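Trainee: I'd love to go through this one slowly, asking how each label is earned. Could you bring up the sequence and the structure?

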Amino acid sequence: MTNQQNMNTRYSPEARDIYFTVPNLISAFRIISIPFITVLISRHEMLASLILIAVSSASDGLDGIIARKFNQVSKIGQILDPIADRLLIFCSILALGIAGIIPWWMLIVVGLRDLWMAIQVLWLAQYGYGPLPVHFVGKTGTALLMMSIVGLIFADLGRTTFFHTLYLAALAAGIWGIAMYWLAGYIYTRQGVGLLRKELGERYGA
């Protein structure tokens, strides 16, 4: 097997070197929509931001279905999809901080985790590895954070006891989501280090 074949297998046995596909266009749309969502949240235009987030979330599931059903799974798509998720979470938290809805430490903690994950992805790419398989802990953390973001946005629509209670519940979900986010980061780090140790051992007989 050639080095290129090895790289393709390690990246994903299904992914191909194709770029102009419907799933990739959907992922690009999601990324393009993020600045608009960020501005809307920071300006407390919550209904409009909720509509955009709903469309973005719906398209997130749609692109995966189309990619698998019509054999359009691509390497660039495997990168664009998680990038869109990370950017949506980070920029939404940034906007919530600007709007004075959440404390800034939440943004810093999430940002540091995403920075470390980006470094690891680039590090693994130097040895021909693509993104690591998504762990259920990571999915849970992402889901909790997205639920928290939507809840915090919705809670900003009113000032009654109901909205205040919703705000506290959404904030608590966000804190749990950040904890799961970091736990997933630890799991991904262990997986990445294991791959690199194996790779270096094969290369240098370590």
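Trainee: Why is His44 called partly exposed?

Mentor: His44 has a relative accessible area of 36%. Buried means under 20%, exposed means over 50%, and partly exposed is what lies in between, with a 1.4 Å probe and protein chains only. The 36% of His44 falls in that middle range, so the label is partly exposed. Before we go on: this is a predicted model, in which local features need pLDDT of at least 70, side-chain atom pairs count only at pLDDT 80 or more, and totals for chains, interfaces and linings use all residues. Numbering runs from 1 along each chain as its sequence is written, and side-chain values use heavy atoms, with hydrogens and water left out.

Trainee: Where does His44 sit, and what is notable about its phi?

Mentor: His44 belongs to the loop between α2 and α3. Its phi is near 65 degrees, a positive value in a residue other than glycine. Most residues other than glycine have a negative phi.

Trainee: Two glycines next. Is Gly64 buried or exposed, and how do you know about Gly100?

Mentor: Gly64, in helix α3, has 17% relative accessibility and therefore counts as buried. Gly100 is in the loop between α4 and α5, and its value of 62% makes it exposed. Each also has a partner far off in sequence to look at. Gly64 and Ile26 are 38 residues apart along the chain, with 9.8 Å between their C-alpha atoms. For Gly100 and Ser42 the sequence gap is 58 residues and the C-alpha distance 8.5 Å.

Trainee: What makes a stretch count as a helix here, and how many are there?

Mentor: Helices are DSSP runs of H or I with at least four residues, strands are runs of E with at least two, and numbering starts at the N terminus. The protein chain has 7 helices and 0 strands, in the order α-α-α-α-α-α-α. Its C-alpha atoms fill a box of roughly 65 × 40 × 25 Å along the principal axes.

Trainee: Which residues does UniProt annotate as "transmembrane region"?

Mentor: The unreviewed UniProt entry gives 21-41, 47-66, 87-112, 132-154 and 166-188. Its positions are in the numbering used here, feature names are shortened, and annotations may be inferred rather than shown by experiment. In the model, the span 132-154 is 83% helix, with end C-alpha atoms 33 Å apart. The span 87-112 is 81% helix, with end C-alpha atoms 13 Å apart.

Trainee: How do you know that the largest pocket lies between the domains?

Mentor: Domain 1 (18-100) and domain 2 (101-205) both contribute lining residues, so the pocket lies between them; the bounds come from an automatic or database domain assignment. A pocket is an open set of points on a 1 Å grid over the protein atoms alone, with protein on both sides within 12 Å along at least five of seven lines, and lining residues have an atom within 4 Å of a point. This pocket has a volume of about 1,600 Å³, volume being the space filled by probe spheres set on points joined across faces, edges and corners. Its lining has 47 residues, with Gln78, Asp81, Pro82, Pro131 and Val134 nearest the centre.

Trainee: What makes Val134 exposed?

Mentor: Val134 has 57% relative accessibility, so it counts as exposed. Val134 is in the loop between α5 and α6, and its C-alpha atom is 8.6 Å from that of Tyr188, 54 residues away along the chain.

Trainee: And what is the volume of the largest cavity?

Mentor: About 30 Å³. In a cavity, a 1.4 Å probe fits but cannot get out. The whole structure has 1 cavity of 30 Å³ or more. Its lining includes Ile93, Leu96, Ile102 and Gly174, and α6 gives the largest share, 4 residues.

Trainee: Last one: which residues have the most contacts inside the largest nonpolar core?

Mentor: They are Ile41, Ile89, Leu96, Ile102 and Ile153, in a core of 27 residues. The term means buried Ala, Val, Leu, Ile, Met, Phe, Trp, Tyr and Cys residues joined through side-chain atoms within 4.5 Å. Helix α4 supplies the largest share of this core, 6 residues, and each of domain 1 (18-100) and domain 2 (101-205) gives at least three.
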